[in-house]
Amino acid sequence: MDLQLNGKLALVSGSTAGIGYAIAHTLSREGAAVIVNGRTQAGVDAAVERIRADTRGTVHGLAADLSQAEAAQEAVRRFPGIDILINNLGIFEAKAFEDIPDEDWQRFFDVNVLSGVRLARLVLPAMKRANWGRIVFISSESGVQIPTEMIHYGMTKTAQLAVSRGLAESVAGTGITVNSVLPGPTSSRGVGDFVEGLARSSGKSAEQVETEFFQSVRPSSLIRRFATPQEVASLVAYVASPLASATTGAALRVDGGVVRSAF
Ligand code: NAD
C-alpha cells in the first residue's frame, strides 16, 4: 500500500527513541520529510543519522524541549509548513496517589497535555490555509483503564482524548483530521529500562519479568507480550496519511487487546 506521504512534512515530538523514533522512521520510509525531536543535540543527531542512512529521505533535526512554550514557538517559526503533527512526547512514573504532590500533577499536565495542545494551536493556522492536516495525540490504554500506580499519568492520557475529540469537531468539514492513538504496553526505551531494572533487582531474566507482568499487572492483554514500537508506528503512519481521510475524532487502539471492550 502506498501511503501517499511524499511531499508532506511531519513533526514527531520526542522521536529520538521509543515509539516516537519508530513513527519518525516509518513516516520517512513512506516518503514524508520528517522533523526528529529530542532534548539533546547528540541524541537528535544520532537518530537523524540512523533514519537517513536507512531511508535516504529528508530528515531534519530539532533539539528542543517541546514541553516549553518558547521552544514550541521557535520550532514552528523554523518549520512553518508542518502538515503532520504527532504529539508523542510524554513522561510516566509510578507513584502512590498520596505521594503525588501538586507540582507533579502540574508537571504531568504541562508535559503530557499542554505541550500537545500548544503545538496543535501553533500548526493549525497553516493547516487551515492548506485545508489539509493531520494531528495525532499519542495517548494510552492508561487513559481508559487508569493505572492505580500512576493516576496522574492516566489523567493526562484521558485529557488527550478530550482535546483530540474536541479539536476534531472544531475543524469539521475541512481536510484536517485529529485523532488519538492508544498504545498498550510497548517495548520502548523507557519500558525496556524499567523491565531491565526490575530484572536486575529481582534476579530474574527480562523474559520472566515480561511473563509475570502480563500475568499479574496486565492480565487482560490478548497478545500477552509488549507490542513493539513498530506495531504502534504502523497504525500512526496510516492515520497520518491521506488514505485515512475519513478517520477523525477517533480514539484508535493498538493495545494488544488490553482494554476489555469491543469498541
Ligand atoms: P520513551 O521514554 O521510550 O521515549 C520518549 C522520547 O521522548 C525520548 O526520545 C525522549 O528523549 C523524548 N522526550 C521526552 N520528553 C521530551 C521533551 N520534553 N521534549 C522533547 N523530547 C522529549 O517513551 P515511549 O514509551 O516511546 O512513549 C512515547 C509516548 O507513548 C508517550 O506519550 C507515552 O505516554 C505513550 N505510551 C507509551 C506506552 C509504552 O508502554 N511505552 C504505552 C502507552 C502510551
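Nine salt bridges are present in the structure, which is a predicted model. One of them joins the side chains of Arg-77 and Glu-74, with 3.2 Å from N to O. The two residues sit three positions apart in helix α3 (residues 69–78), so about one helical turn separates Arg-77 from Glu-74.

Turning to the overall layout, the chain splits into two domains, with domain 1 covering 9–186 + 227–254 and domain 2 covering 187–226. The centres of domain 1 and domain 2, taken over C-alpha atoms, lie 25 Å apart. Where the domains meet, 15 residues of domain 1 and 12 residues of domain 2 take part in the contact.

How much area do domain 1 and domain 2 bury between them? The total is about 940 Å², and carbon and sulfur atoms account for 52% of it. On the domain 1 side, a good place to begin looking is the trio Pro-185, Thr-186 and Ala-227, which contributes 40% of the area that domain 1 buries against domain 2, more than any other three residues. Pro-185 and Thr-186 fall within the 9–186 segment of domain 1, while Ala-227 belongs to the 227–254 segment.

Charged and polar pairs also span this interface. Two salt bridges are counted between domain 1 and domain 2. The side chains of Glu-141 and Arg-218 form a salt bridge at 3.0 Å, N to O; Glu-141 lies in domain 1 and Arg-218 in domain 2. Four residue pairs, with both members at pLDDT 80 or more, are in polar contact across the interface. Helices α1 (18–29) and α8 (229–239) each provide at least two residues of the domain 1 side that touches domain 2. By class, that side of domain 1 comprises seven nonpolar, five polar and three charged residues.

The ligand offers the next stop on this tour. Around the ligand are 28 residues, the closest being Thr-16, Asp-65, Asn-88, Tyr-153 and Ser-188. Of these, Ser-188 is in domain 2, whereas Thr-16, Asp-65, Asn-88 and Tyr-153 are in domain 1.

Which parts of these residues approach oxygen atoms of the ligand? For Asn-88, a backbone N or O atom is 2.7 Å from a ligand oxygen. Ile-19 likewise places a backbone N or O atom 2.8 Å from an oxygen atom of the ligand, and Ile-19 falls within the span of α1 (18–29). For Tyr-153, an N or O atom of the side chain lies 2.6 Å from an oxygen atom of the ligand.

How values were computed
Residues are numbered from 1 along each chain as its sequence is written. This is a predicted model: local features need pLDDT of at least 70, side-chain atom pairs count only at pLDDT 80 or more; totals for chains, interfaces and linings use all residues. Side-chain values use heavy atoms; hydrogens and water are left out. Domain bounds come from an automatic or database domain assignment. Contact means heavy atoms within 4.5 Å. Buried area is the accessible area (1.4 Å probe) that two parts lose on being put together, summed over both. A salt bridge is a side-chain nitrogen of Lys or Arg within 4 Å of a carboxyl oxygen of Asp or Glu. A polar contact is a pair of N or O atoms within 3.5 Å; within protein, one must be able to donate a hydrogen and the other to accept it, and residues adjacent in sequence count only if both atoms are side-chain atoms. Helices (H or I, at least four residues) and strands (E, at least two) are DSSP runs, numbered from the N terminus. Ala, Val, Leu, Ile, Met, Phe, Trp, Tyr, Cys and Pro count as nonpolar, Asp, Glu, Lys and Arg as charged, and the others, Gly among them, as polar. A residue is near a molecule or strand if one of its heavy atoms lies within 4 Å of it.
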